[in-house]
Every structure is written in structure tokens, then in C-alpha cells.
Amino acid sequence: MLEVTATRSLHVQRFGHNPAIFAAPGRVNIIGEHTDYADGFVMPAAIDFATLAAITPRSDGTVAIHSVNFDEQINYPVDNLPPKASHHWSDYPLGVLSVLREAGVPIPAFSLTLNGDVPIGAGLSSSASIEVASMVAVLSLTGADIAMTRVAQLCQRAENHFVGASTGIMDQFIACCGAENHALLLDCRSLEYRLAPIPSHLSLVIANSMVKHSHAGGEYNTRRAEVEEGTELLRRHRPEIRRLRDATPDDLARWGHEMRPEVLKRCRHIITENIRTVAAADALEAGDLKTLGRLMYEAHASFRNDFEASCPEVDILVDLASKEPGCIGARLTGGGFGGCTVNLVENARAQAFSERLHEEYREATGIEADIYLCHASAGAHRIASTEGETQLAKQLPSFH
Ligand code: GLA
């Protein structure tokens, strides 16, 4: 639950003025992993964990940002903001300022309080939620009228060029454009999307393996490089293949043997995952939950065997979930190498499912998993400022 009132009080105590408050959610990805940077398809949902950004203007030429989570404040003159990242929590909001400035938006002086409850390093996009919350908060002071899809692109740019993680657009996009009770099928090339209602008798249960991951550097970037290598090879044969989105299983059958074995596997995951993701969206829209569940399990197997981005703990979570009554489908969600599983579970069984999964996972691994019962939630929005603070306000028209 978002601590809106507490965040407001903390901001007023520290900075002396009543702030405007914005929220941007984390996400769970139902299917479509590592397909976004291949210009492919993803189907995430925003969740009810979020970052709050409380903001007020200043008149002293300073940018002051306080992180409640890290219990730390940074201050910089607005004309002398750091040009590069320093592996610090402030890289995310500072990256946002850097790309806004580059895009021609004049950065005002301001005080910002960031307070979030998206679990960090769990594969639920805490970083995108910080970026998007910071960006909509800062934009509210500038009067710049920027569409939400553009906000998503700018935040992705902050992550790629400032923070230094070569991620795709999925996380920032869903943090901007998610809708309550809906999953979002995104075409990562055109940025066209459609919303598919999640049936009201289903819960999104997220199980945290408690194995931490990090995107800046490391395995994520290695996988991405392998994917580029495979794409490049296929492009030599079929120049119209700009990204793996354009390649087919036939292409792999013809030319896959020219690839290094691990590159072939990475490409096979992405090419088949695109097909599964579009089929999963169709199944969700048609109410065909059996097919949706099957595709989720197949996606997990592909992520584990071909993309080799799962880990034993997460595999155990998926395996245990698949044996539980009421579980439609389960798979690792997010960048991989740890983090969480997403489980689609019938509401009536969700509580018992969570308890048993927790218990059986502890028996199997000795680890106490955090299990979250989530709802598909709205994308970034401003929070109503006075009465009923926990009531969320409608999205600001200027952010559409
Ligand atoms: C991370 C990245 C996304 C996407 C996923 C994997 O969450 O930020 O862009 O690539 O991993 O699907």
C-alpha cells in the first residue's frame, strides 16, 4: 500500500512545502521475455507496488532529491548536475534529468522526495518506476506537454545511456501506460498496444525467490550481445532482418548451424517467445486460459533451457506452482537470473496457493520466499492532493 500521507509529511518536514505527488508502478511480465529489445512483443501488467515522487519548486537554483528508502539526500546546483552515473540510487532520477535536458526541456530547481515499495532487485522494475515517477513529477513543474509513450522512451534512454543497462522499453512503457485490471500487449517496434482484461476470477500471485539480480552490466548485457550476434548473422542471409522480430523458425532451421551453439539457443528463445506472446494475448482475450497457461509454462522452459537465464530456485518455484490446484500458469518474470515468478491463480485458491508455495519452497531450499497477491494497476498518475489521499486521481491530461 502506498504511503501517500507519510510521504507528504516527510516532504513537508524536510522541504517546508506541500508537494504535488505522483505515482508510477512496478510491473509483472506475464509473457514475452527479452523480446522487447528485439523489437518483439511483450505482455506485462502494472502492479500495485509503486514509487511515489513528491515535488515542490525551489527558488535557490538547487536540485534536492531525498530517497526515503535509502535515507539519504543529494543536492546539486541545477546548472551543474552530474554528467554520468556513480552506481548510486540517485543515478535514476539524475539520468531522467539528463535525458530531459538533452531533449530540450529546461530543468527547474526543485525538491523531490522519492518513496517506493517495489521490491528492489526482484525483477519487478523498481528502477523503471523510479524513473517514470521522477520524470512525470519534474515535467509537472515545466509545463512541457509530453505524451506518455514519449515519457517511456525518454526513461528507457535514461536507463540505457545514463545508468548503463541496455534494457528494452517494456518496463518504462508499462509504468507509463498500464491500466487497472488489464494486461498490455505491446508491439515494441511500433509501440502500438492493446489492453486485455485479466478475468476477474484470477489473481496475479508473485513469488519472490529472494535470489537477487542486477541489470547494470552483467548477464543481461551478455545475453543482449549474444542476441545481436545471432541477428547479425541472419541479416547477412536476409538483409530485411533488422531485429529478431523479423526472423522466423525457418530462418533458424536454415542458418542456425552457422551460429555459436549458445547464440543459436538465445535466438531460438526469442523467435519462439514472440510467437508465444502473440498467441497468449489472443488466448487471454478469448478466455482460453488453458492455452494461456500452457504458453506460460512453455515460455519458462524456453527461458530456462535456451536463454539459460533462470536459476535453480526459480525453477523450483515454477515446478511447485504447476502442481498446485487452481494455478493456470507460472513462469519466471523479468530479466532473469533470480527474481520472481508470476503465477495466474484462481481467486478462491490464491491464499492457500500462496501458503503452500511458501512452505514447500522453504522445505526445498531453506529460503523464506516473499509472496505478493497483486492486482493489475494503473500506469503513472498524479495522486489527489487533499481529501482522501489514498484515492488515486485520474491521469493528468497533459501526460497523454
Ligand atoms: C528487464 C528489462 C526489460 C526486458 C526484461 C526481459 O526487465 O528492463 O527491458 O528486457 O528485462 O524481458
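In this predicted model, Glu-219 is partly exposed, with a relative accessibility of 40%. The residue belongs to helix α6. Its C-alpha lies 37 Å from that of Ala-109, and 110 residues separate the two in sequence. A second long span involves Val-4. Val-4 and Gly-32 are 28 residues apart along the chain, yet 33 Å lie between their C-alpha atoms. Val-4 is part of helix α1, which covers residues 4-15. The relative accessibility of Val-4 is 2%, so the residue counts as buried, the limit being 20%.

Aromatic contacts were searched for across the whole structure, and five pairs were found. One of them joins Tyr-37 and Tyr-220. The ring centres are 5.8 Å apart, and the planes meet at 70°. The geometry is edge-to-face. Tyr-37 sits in the loop between β1 (20-31) and β2 (41-57), whereas Tyr-220 belongs to helix α6 (residues 218-237). The two positions are 183 residues apart in sequence, so the pair ties together distant parts of the chain. Tyr-37 and Tyr-220 are both buried. A further aromatic pair is formed by Phe-49 and Tyr-372. The centres of these rings lie 5.1 Å from each other. The planes are at 80°, which is over 60°, so this pair is also edge-to-face. Phe-49 is in strand β2 and Tyr-372 in strand β11 (residues 370-374). The pair links parts of the chain that are 323 residues apart. Phe-49 is buried, and Tyr-372 is buried too.

Helix α6 holds Tyr-220 and spans residues 218-237. A contact between a charge and a ring was found at Arg-223. The charged end of Arg-223 sits over the ring of Phe-307. The distance to the ring centre is 6.0 Å.

Internal space was examined next. Two cavities of 30 Å³ or more are present in the whole structure. The largest cavity has a volume of about 120 Å³. Its lining consists of 14 residues. Nearest the centre of this cavity lie Thr-51, Asn-69, Phe-70, Gly-116 and Ile-130. Two elements, β5 (110-116) and α3 (126-142), each give two or more residues to the lining of the largest cavity. By class, the lining of the largest cavity comprises six nonpolar residues, seven polar residues and one charged residue.

The second largest cavity encloses about 100 Å³. It is lined by 14 residues. Closest to its centre are Arg-27, Asp-36, Met-170, Asp-171 and Tyr-220. Tyr-220 thus appears both in this lining and in the aromatic pair with Tyr-37. Helix α5 (residues 170-177) gives the largest share of the lining of the second largest cavity, namely three residues. The lining of the second largest cavity contains two nonpolar, eight polar and four charged residues.

Three loop residues complete the description. Ser-310 is placed in the loop between α9 (289-305) and α10 (312-322). The relative accessible area of Ser-310 is 15%. This value is under 20%, so Ser-310 is buried. The side chain of Ser-310 makes a polar contact with the side chain of Asp-315. The contact spans 2.6 Å.

Backbone geometry marks out the other two. Most residues other than glycine have a negative phi. His-87 has a positive phi, near 55°, and is not a glycine. It is located in the loop between β4 (72-77) and α2 (91-102). With a relative accessibility of 74%, which is over 50%, His-87 counts as exposed. Leu-191 also has a positive phi, of about 65°, without being a glycine. Leu-191 lies in the loop between β6 (182-187) and β7 (193-197). Its relative accessibility is 16%, so Leu-191 counts as buried under the 20% limit. Of these two loop residues, His-87 is exposed, whereas Leu-191 is buried.

Notes: Residues numbered from 1 in each chain as written. Heavy atoms only, no water. Phe/Tyr/Trp six-rings, centres within 6.5 Å; stacked < 30°, edge-to-face > 60°. Helix = DSSP H or I, 4+ residues; strand = E, 2+ residues; numbered from the N terminus. Buried < 20%, exposed > 50% of the residue type's maximum accessible area, 1.4 Å probe, protein only. Lys NZ or Arg CZ within 6 Å of the ring centre and 35° of its normal. 1 Å grid on protein atoms, 1.4 Å probe; cavity = no way out; pocket = protein on both sides within 12 Å on 5 of 7 lines; lining within 4 Å. Points joined across faces, edges and corners; volume = space filled by probe spheres on them. Nonpolar A, V, L, I, M, F, W, Y, C, P; charged D, E, K, R; others polar. Polar contact = N/O pair within 3.5 Å; in protein donor to acceptor, adjacent residues only side chain to side chain.
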